[in-house]
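Q: Please take a close look at one part of this protein and describe the surroundings of a single residue there. Set it against the rest of the chain where that helps.

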Amino acid sequence: MLPLAVLVLGLSGCDSGSGKWIGVWEGEDLSAVSPELERENPVIANTLKKVSVTICANGNFVLTRGGMPYQGSTTLSREKAVLQVRTILGRPIENEPAMVQKANPNIELVKKGQDAEFKDPADFGKPPIKMTRTGNAPASGTSGC
């Protein structure tokens with residue numbers, strides 16, 4: 001009986017909380033478009049503002065930001081998800097010029113209650129983007145997962 005109790009207690013203490021990150025997170029980068037563009041072409045403005053991150057159970061992520069697709073790997077903990085970009089537009093980041101590589105440092109999602117803050121160090125003083133979990137991650141093998 002004692003070994004079973006130790007096993008149960010040990011397993012309950014191993015939950016890092018990282019599973020709570022798995023799924024689709026969405027937000028808007030309100031500073032990505034000017035009021036003029038918003039009025040003149042709301043469809044393009046909405047595409048440029050939309051930020052969507054799908055965190056997959058296999059440790060990968062798919063990010064769409066400003067209409068651009070990014071993919072990479074994640075490091076998950078209870079309070080933070082770190083996104084390391086591996087591809088931009090389907091091309092390996094190591095094949096991009098040094099300037100592009102430097103412009104894509106690790107991005108952090110930091111838990112704020114049920115939501116998260118999207119913090120990109122390359123955003124140079126822009127406020128974090130509020131992200132809300134809107135769904136489950138797709139099945140493995142689809143949409144980059």
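The request concerns T132, and the answer moves from the whole chain to that residue and then to other sites.

Q: In which strand does T132 lie, and with which residues is T132 in contact, leaving aside its neighbours within four places in sequence?

A: The model is a predicted one. The protein has four helices and nine strands, and from the N terminus on its elements follow the order α-β-α-α-β-β-β-β-β-α-β-β-β. Of its 145 residues, 32% are buried. Among contacts with a separation of 6 or more, 49% are between residues 24 or more positions apart. The accessible surface is about 8,800 Å², and carbon and sulfur atoms contribute 58% of that area.

T132 belongs to strand β9, which covers residues 129–135. Its relative accessible area is 32%, so T132 counts as partly exposed, the class between the 20% and 50% cut-offs. With neighbours within four places in sequence set aside, T132 is in contact with V24, W25, E26 and D115. For D115 there is also a polar contact: the side chains of T132 and D115 are joined at 3.4 Å. Another pairing can be given by C-alpha position: T132 and E28 are 104 residues apart along the chain, and their C-alpha atoms are separated by 10.0 Å.

W25, one of the residues in contact with T132, leads to the aromatic pair, of which the structure holds one. The pair is formed by W21 and W25, with ring centres 5.3 Å apart and planes at 40 degrees, so it is classed as tilted. W21 is buried, because its relative accessibility is 0%. W25 also has 0% relative accessibility and therefore counts as buried. The ring of W21 has a further partner in K111, whose charged end sits over that ring at 5.0 Å from the centre.

D115, the polar partner of T132, falls within β8, which spans 115–119. The loop between β8 and β9 contains D120. With a relative accessible area of 12%, D120 is under the 20% cut-off and is therefore buried. Its side chain makes a polar contact of 2.7 Å with the side chain of R65. Leaving aside neighbours within four places in sequence, D120 is in contact with R65, P105 and I107.

Conventions: Residues are numbered from 1 along each chain as its sequence is written. This is a predicted model: local features need pLDDT of at least 70, side-chain atom pairs count only at pLDDT 80 or more; totals for chains, interfaces and linings use all residues. Side-chain values use heavy atoms; hydrogens and water are left out. Rings of Phe, Tyr and Trp (its six-membered ring) pair if their centres lie within 6.5 Å; planes under 30 degrees apart count as stacked, over 60 as edge-to-face and the rest as tilted. Buried means under 20% relative accessible area, exposed over 50%, partly exposed in between (1.4 Å probe, protein chains only). A charge sits over a ring if NZ of Lys or CZ of Arg is within 6 Å of the ring centre and within 35 degrees of the ring normal. Helices (H or I, at least four residues) and strands (E, at least two) are DSSP runs, numbered from the N terminus. Contact means heavy atoms within 4.5 Å. A polar contact is a pair of N or O atoms within 3.5 Å; within protein, one must be able to donate a hydrogen and the other to accept it, and residues adjacent in sequence count only if both atoms are side-chain atoms. Accessible areas come from the Shrake-Rupley method with a 1.4 Å probe; for residues, only the protein chains shown count as cover.
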